[in-house]
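Trainee: Could you take a close look at a single part of this model with me? I'd like to see how one helix sits among its surroundings.

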Amino acid sequence: MSDEEIKETKEEDKKSENETAVVAEELLLPRDTLLSAGIHIGTRMKTKDMEQFIYRVRSDGLFVLDVKKTDDRIRVTAKFLARLEPAKIAAAAARLYAQEPVKKFCEAIGATPVVGRFIPGLLSNPLYPNRIEPEVLIVSDPRADFQAVKEASSAGIPVVALCSTDNEFSGVDLVIPTNNKGRRALAVVYWLLARQVLREKGELAPDKDLPLTIEDFEAKISKEEEET
């Protein structure tokens with residue numbers, strides 16, 4: 001789902017979800033902000049694994065994720081990550097749109113970024129000089145980051161994955177349901193996760209935000225880079 005398609009369709013989803021909300025929700029960010037970022041926009045495919053997180057299907061065939069469940073999973077993941085040493089948390093991103101959010105997330109909490117092509121053996125080969133030994137691995141898309149998921153799984157490292165409607169959970173221990181392909185959506189989710197981790201650790205007051213903005217987390221990619 002491209003950012004252009006998200007922009008064209010967000011108003012429809014905002015209206016529909018607002019109409020069906022029967023009680024006020026306390027979300028990590030205002031509902032309108034989450035919807036305008038397109039974190040709820042899935043694909044035209046759904047897997048059995050992701051059915052539990054799907055809110056509805058639109059008239060154009062796109063599956064829509066439940067933003068409340070996304071919010072809940074960000075909170076659960078943050079509680080888990082806050083118990084670990086930051087240096088023992090690794091985050092992987094093969095896709096271009098996920099690389100800057102991952103770098104900024106790791107910068108904010110002190111984790112280890114693994115961006116671009118995943119080097120085989122990075123988690124599993126004891127002879128590889130740059131091998132890392134994290135206690136948890138976050139992946140931006142279990143399909144794009146399949147090599148990282150495979151190695152983490154074989155090494156017994158828990159995997160947290162950002163999953164859209166077309167992802168499966170093989171090798172994944174904890175899922176954050178979200179649009180994992182959109183530029184703005186990835187920035188918002190990683191920004192929220194970083195902020196919530198620091199709040200859980202007591203390093204950021206409950207009413208304070210990160211010094212880095214969502215815009216700082218967003219990928220800055222040229223048209224030439226997108227085409228390669």
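Mentor: Sure, here's a walk along one helix, then out to the core and the salt bridges.

Keep in mind that this is a predicted model. Our part is helix H6, residues 183–200. Start with its geometry: at 1.5 Å a residue, its 18 residues should span 26 Å, and the end C-alpha atoms are indeed 26 Å apart, so the expected and actual spans agree. Just past the helix, Gly202 has a positive phi of about 80°.

Now for the surroundings. H6 is mostly covered, with 15 of its 18 residues buried. In soluble globular proteins, nonpolar side chains tend to be buried together. Here, the largest nonpolar core has 44 residues, and Phe105, Ile138 and Phe217 have the most contacts inside it. H6 is the biggest contributor to this core, giving 12 residues. A separate core of 24 residues lies apart from it, with Leu122, Leu123, Val159 and Ala161 among its members.

Phe217 is a handy place to look at the packing. Setting aside neighbours within four places in sequence, Phe217 is in contact with residues including Ala187, Tyr190, Trp191 and Ala194. Its contacts also include Glu100, Pro101, Lys104, Phe105 and Ala108, as well as Leu210 and Leu212.

H6 has a charged link too. Arg184 and Glu218 meet through their side chains in a salt bridge, 2.9 Å from N to O. Arg184 is in H6, while Glu218 is in the loop between helix H7 (214–217) and helix H8 (223–227), so the pair ties together parts that are 34 residues apart in sequence. Glu218 counts as buried because its relative accessibility is 18%, under the 20% cut-off. Arg184, at 26%, counts as partly exposed.

That pair belongs to a wider set: the structure holds 13 salt bridges. Another of them pairs Arg95 with Asp141, where the closest N and O atoms are 2.3 Å apart. Arg95 sits in the loop between strand E3 (89–93) and helix H4 (96–109), and Asp141 in the loop between strand E5 (136–139) and helix H5 (146–155), 46 residues apart. Arg95 is partly exposed at 33% relative accessible area, whereas Asp141 is buried at 1%.

Asp60 and Arg58 also form a salt bridge, with their closest N and O atoms 2.6 Å apart. Asp60 is partly exposed at 32%, and Arg58 is buried at 4%.

Terms used:
Residues numbered from 1 in each chain as written. Predicted model: local features only at pLDDT ≥ 70, side-chain atom pairs only at ≥ 80, totals over all residues. Heavy atoms only, no water. Helix = DSSP H or I, 4+ residues; strand = E, 2+ residues; numbered from the N terminus. Expected span 1.5 Å × (residues − 1). Buried < 20%, exposed > 50% of the residue type's maximum accessible area, 1.4 Å probe, protein only. Core = buried A, V, L, I, M, F, W, Y, C linked by side-chain atoms within 4.5 Å. Contact = heavy atoms within 4.5 Å. Salt bridge = Lys/Arg side-chain N within 4 Å of Asp/Glu carboxyl O.
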